[in-house]
Amino acid sequence: MSDPEGIGTLTGPSLPAHLYVHVPFCRLKCSYCDFFSVPVEDAEGVEAVLAGIEEEILEWGRARLSGILDTVYVGGGTPTIIGPGVIRILESVRTSLPARTDGEVTVEANPDSATARLVEALAAAGVTRVSLGVQSFDDEIIGLLGRLHTVEEAHVAARAVCDAGLDLAIDLMCGVPGQSLRSWHCTLEEGIETGAKHVSVYPLALEDGTPLAVAVGAGLVSSPDSDAAADMMLLAEDVLGAAGFERYEVANYAVPGHESRHNTAYWTGESYIGVGPAAHGMLDPETAGASGVRTGVGTDVARVRYSNASDIEEWLQGAGRDVETLSKAEVAREDVMLGLRLARGVGARIVAAAGLEEQLRQLEAEGLVELAGGGVKQRWRTTTRGWLLGNEVFRRVWLPDQ
Ligand code: SF4
């Protein structure tokens, strides 16, 4: 297991504490989306993927690694589109892998498929958290994003999650063409009123080849305005902060105690398993070897990343995974880059050990990062300005010579 904060190093193969399961189905494709998902067409296709996911989970169980799961995240795609299929996945995890009784179990959902009945069944199956893809409480913006639900459906689904006693997390999107600051303010206020304890705020990214990018290219829709998006991110910080949310990561706010343990694991370099088509995983070299993800690990391999085949047929036929290895120096840089995404920042000792002090001093001179605390508790943190220019900060840490 990776240990960027230097608390202690575990050696030998062990079951990662975090599991991500990718459900690759959606009702239809949203206009801006380039995640891997395909429209649900028939029950047979869903059944084949479910059986494949169950088999992959079982394989991890057969590896008999010591360790225990702390978090499970069923994402996609739209997991709730396969209804009780999600329960089957959770049952497969429960019977194949050891897990903490107080673990965090999250399921991603869309408002049009997160029915009260399904949400209650998810709660009974051990789900603790539902991450609802709301994006906006403005029907016009939802329409432009090509999403298939209404504001009313988002409210109904949010209520169902809270009524079932689950933690509600919502995703909201800003910087959408035609979105006014007033519309965004209303979306933030309505988001808070849902009872959500966790809010993710993303500026729209125009991805090549998506219908929205094509429409923008053809002049049918105006380009997203990065200045407007920056104003909206600042407004989010004010409005959510006033409602008791803390920004703990560049795009994520939570009422204290409701931060996502699963996503925090990604940002702190912990190992995780990825299951399902196009899923990614990250392992220490020993675990990668013991689980058959990678054989013949060299001496300067400190982290192994893998991705499953994204073609569903190839994945079902057991196509090999793409595997990438990171050296110790690359891992050190990655840990600094990820740490700068977090409000708590990254320890100055880690930055020094990664040989990145000079780069951070330069970023400090530009007002993008700052040094906080004293002595051994000194940490580098990204400033508000740095978070607005996050990609630039992270790029310069990851590629310090460019
Ligand atoms: S619901 Fe999510 S994963 Fe599915 S198409 Fe829309 S944005 Fe993409």
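Two strands count as paired if DSSP finds at least two bridges between them. Keep that in mind for the tour, and remember that what you have open is a predicted model.

**Stop 1: a small sheet**

Select residues 369–372, strand S16, and residues 379–382, strand S17. They run antiparallel and are joined by 4 bridges. Now click on Leu371: its bridge partner in S17 is Trp380. Add strand S15, residues 346–347, and you have an open sheet of 3 strands, in the order S15-S17-S16, with antiparallel pairing. S15 and S16 are the edge strands, each pairing on one side only.

**Stop 2: strand S4 and its partners**

Next, pick residues 69–76. This is strand S4, and 8 of its 8 residues are buried. Which strands pair with S4 in the parallel sense? One is S1, residues 18–23, through 6 bridges; another is S5, residues 99–109, through 5 bridges. To see the pairing up close, show His18, which stands opposite Thr71 in S4. Then show Val74, whose bridge partner in S5 is Val107. Turn on helix H2, residues 85–96, as well: S4, H2 and S5 make a right-handed β-α-β unit.

**Stop 3: the cores**

Time to look at side chains. In soluble globular proteins, nonpolar side chains tend to be buried together. Here the largest nonpolar core has 69 residues, and Leu19, Trp60, Leu132, Trp184 and Val201 touch the most other members. Another core, of 18 residues, lies apart from it; select Met337, Ile350, Val393 and Val397, which are among its members. Then go back to Trp60 and show what surrounds it. Beyond residues up to four places away in sequence, Trp60 touches Leu65, Leu97, Ile273, Val275, Leu283, Ser291, Val293, Tyr306 and Arg321.

**Stop 4: Met173**

Move to strand S7, residues 167–174, and find Met173 there. Is Met173 buried or exposed? It counts as buried because its relative accessible area is 8%, and the cut-off for buried is under 20%. Leaving aside neighbours within four places in sequence, Met173 is in contact with Tyr32, Gln135, Leu145, Gln179, Trp184, Tyr202 and Leu204. For a sense of scale, draw a distance from Met173 to Glu313: their C-alpha atoms are separated by 33 Å, and the two residues are 140 apart along the chain.

**Stop 5: the ligand**

Finish at the ligand. Select Cys26, Leu28, Lys29, Cys30, Tyr32, Cys33, Phe35, Gly77, Thr78, Asn110 and Arg147, the residues around it. Colour them by class and you get 6 nonpolar, 3 polar and 2 charged residues.

Notes. Residues numbered from 1 in each chain as written. Predicted model: local features only at pLDDT ≥ 70, side-chain atom pairs only at ≥ 80, totals over all residues. Heavy atoms only, no water. Helix = DSSP H or I, 4+ residues; strand = E, 2+ residues; numbered from the N terminus. Core = buried A, V, L, I, M, F, W, Y, C linked by side-chain atoms within 4.5 Å. Buried < 20%, exposed > 50% of the residue type's maximum accessible area, 1.4 Å probe, protein only. Contact = heavy atoms within 4.5 Å. Near = heavy atom within 4 Å. Nonpolar A, V, L, I, M, F, W, Y, C, P; charged D, E, K, R; others polar. Right-handed = clockwise from strand over helix to strand, strands pointing away.
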